[in-house]
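Visitor: Could you walk me through a few residues here? I'd like the cut-offs along the way.

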Amino acid sequence: MKKLIIAVLSVLVLQSVQAQDKYFTKTGKISFDATAPKSPEDIVGVNKTVTCVLDTKTGNLQMAVLMKAFEFERALMQEHFNENYVESHKFPKTEFRGAIVPGTSVNYAKDGVYPVQVKGKLTMHGQTKDVTAEGKLTVKVGRLQVQSVFTELLSDYAVAIPSLVADKVSKTVKITVDCSLDPLK
């Protein structure tokens with residue numbers, strides 16, 4: 001009888017693990033680098049409070065980033081970023097809504113590193129654009145790691161670079177995404 005109870009509980013636990021289809025974090029990391037080639041200093045911002053949800057059944061992926069949560073090496077850069085460039089008071093967050101491209105083979109039940117492509121809409125500074133990015137999805141001991149590096153033109157999002165600093169700030173920004181996701185309970 002004891003063996004039967006253990007077997008039934010094992011099957012129920014295994015089914016609940018296999019049935020898990022949504023993964024989530026509030027502590028994802030996104031950084032960007034807008035350093036121009038001849039700039040004397042790095043223009044890098046890091047945000048460690050990114051919200052990300054991935055539905056493994058549909059491949060849908062959503063991310064939200066509060067712009068004021070980006071941190072910089074110098075406080076003056078952070079102030080200029082929020083007040084002059086992204087206007088955080090008008091546009092407090094950036095969002096991505098998309099999905100892993102159908103046909104991508106990811107076995108969420110097996111540890112491994114899987115190359116993925118994501119397509120969706122990125123909304124920043126009041127502008128929404130189609131985005132396609134390559135990345136990798138790592139499955140390890142029931143957790144997921146989502147990573148990607150891609151570039152975007154600042155002008156596509158109506159982010160103006162004043163001529164006074166045009167030689168310091170790149171017209172394109174390199175965005176790096178790194179989010180560890182746990183099963184959503």
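Guide: Sure, let's start with alanine 158, which counts as partly exposed at 39% relative accessibility; that label sits between buried, under 20% relative accessible area, and exposed, over 50% (1.4 Å probe, protein chains only). Bear in mind that this is a predicted model, where local features need pLDDT of at least 70, side-chain atom pairs count only at pLDDT 80 or more, and totals for chains, interfaces and linings use all residues. Residues are numbered from 1 along each chain as its sequence is written, and side-chain values use heavy atoms, with hydrogens and water left out.

Visitor: What is the phi of alanine 158?
Guide: Alanine 158 is in the loop between S7 and S8; strands here are DSSP runs of E, at least two residues, numbered from the N terminus. Alanine 158 isn't a glycine, yet its phi is positive, at about 60 degrees.

Visitor: Is valine 141 buried or exposed?
Guide: Valine 141 sits in the loop between strand S6 (127-140) and strand S7 (143-153). Its phi is positive too, near 50 degrees, and it is not a glycine either. With 66% relative accessibility, over the 50% mark, valine 141 counts as exposed.

Visitor: Which backbone oxygen does the side chain of serine 170 reach?
Guide: Serine 170 belongs to strand S8 (residues 169-183). Its relative accessible area is 13%, so serine 170 is buried. At 2.8 Å, its side chain reaches the backbone oxygen of threonine 172.

Visitor: Leaving aside neighbours within four places in sequence, what is serine 170 in contact with?
Guide: Contact means heavy atoms within 4.5 Å. On that basis, and without those sequence neighbours, the partners of serine 170 are Ala34, Thr35, Ala36, Leu154 and Ile161.

Note on methods. Helices (H or I, at least four residues) and strands (E, at least two) are DSSP runs, numbered from the N terminus. A polar contact is a pair of N or O atoms within 3.5 Å; within protein, one must be able to donate a hydrogen and the other to accept it, and residues adjacent in sequence count only if both atoms are side-chain atoms.
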